[in-house]
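Colleague: Could you walk me through some of the labels used for this protein? I would like to see the reasoning behind each one.

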Amino acid sequence: MNRGFNNPQNVPSTITTSNYNNVNNNMSSGNSVALLNDQHQQDNQAQLLSECSRRVQEQSYYMRRAMDNDDLAMTLERAVNILSELGSGHGSHHHGSSNNTIANKSLSSSSSSLLTPKSYYELHIKVLDELPHLEEFFLSFATTINKGSGENNT
């Protein structure tokens, strides 16, 4: 079956200057639209990254306050909220009590799935920057527990 792809009658024999100019003008119009779309996407990414970073910063603040008060439950809740900004590998659902509105709000408002790899990486680094504080808290918490249990044994 010949669809006319190789049929010379379906190919224009000459390309006129006006045809070339029309194609060139259409391409430059398309480039303008592409540039506008690209700029819009960059602005959108910056806004999404800013929102996610703000939530990480906010949760980090409250996590540190909970650490200062030696509130393990609240510290863990805030740490989960920070990590949830990176998204969930198992969907956006939360295992826990139904009155846990802070974690549910953070999980449901996460926009990290809309981030480009570059923006996601920047967010990932911000989250990783908070983990040493959490590690230090756990180590001090474990030391406190070990000292307490050692005193009871003597």
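The talk below takes a few labels in turn and shows what stands behind them.

Modeller: Happy to help! Keep in mind that this is a predicted model.

Colleague: Why is Glu130 called buried?

Modeller: Glu130 has 13% relative accessibility, and buried means under 20%, so Glu130 counts as buried. Glu130 lies in helix 4, which covers residues 117-153.

Colleague: Which residues is Glu130 in contact with, leaving aside its neighbours within four places in sequence?

Modeller: Those are Ser60, Met63 and Arg64. Met63 turns up again in the largest nonpolar core, which has 14 residues. Together with Leu115 and Leu123, Met63 is among those with the most contacts inside that core. Helix 1 (17-68), helix 2 (72-84) and helix 4 each supply at least two residues of the core, and helix 1 gives the most, with six.

Colleague: And what makes Gln42 partly exposed?

Modeller: Its relative accessible area is 43%. Buried is under 20% and exposed is over 50%, so Gln42 falls in between and is called partly exposed. Gln42 is found in helix 1.

Colleague: How do you know that the span of helix 2 is close to the expected one?

Modeller: Helix 2 has 13 residues, and the distance from its first C-alpha to its last is 18 Å. The expected span is 1.5 Å times one less than the number of residues, which for helix 2 gives 18 Å, so the two values agree closely.

Note on methods
Residues numbered from 1 in each chain as written. Predicted model: local features only at pLDDT ≥ 70, side-chain atom pairs only at ≥ 80, totals over all residues. Heavy atoms only, no water. Helix = DSSP H or I, 4+ residues; strand = E, 2+ residues; numbered from the N terminus. Buried < 20%, exposed > 50% of the residue type's maximum accessible area, 1.4 Å probe, protein only. Contact = heavy atoms within 4.5 Å. Core = buried A, V, L, I, M, F, W, Y, C linked by side-chain atoms within 4.5 Å.
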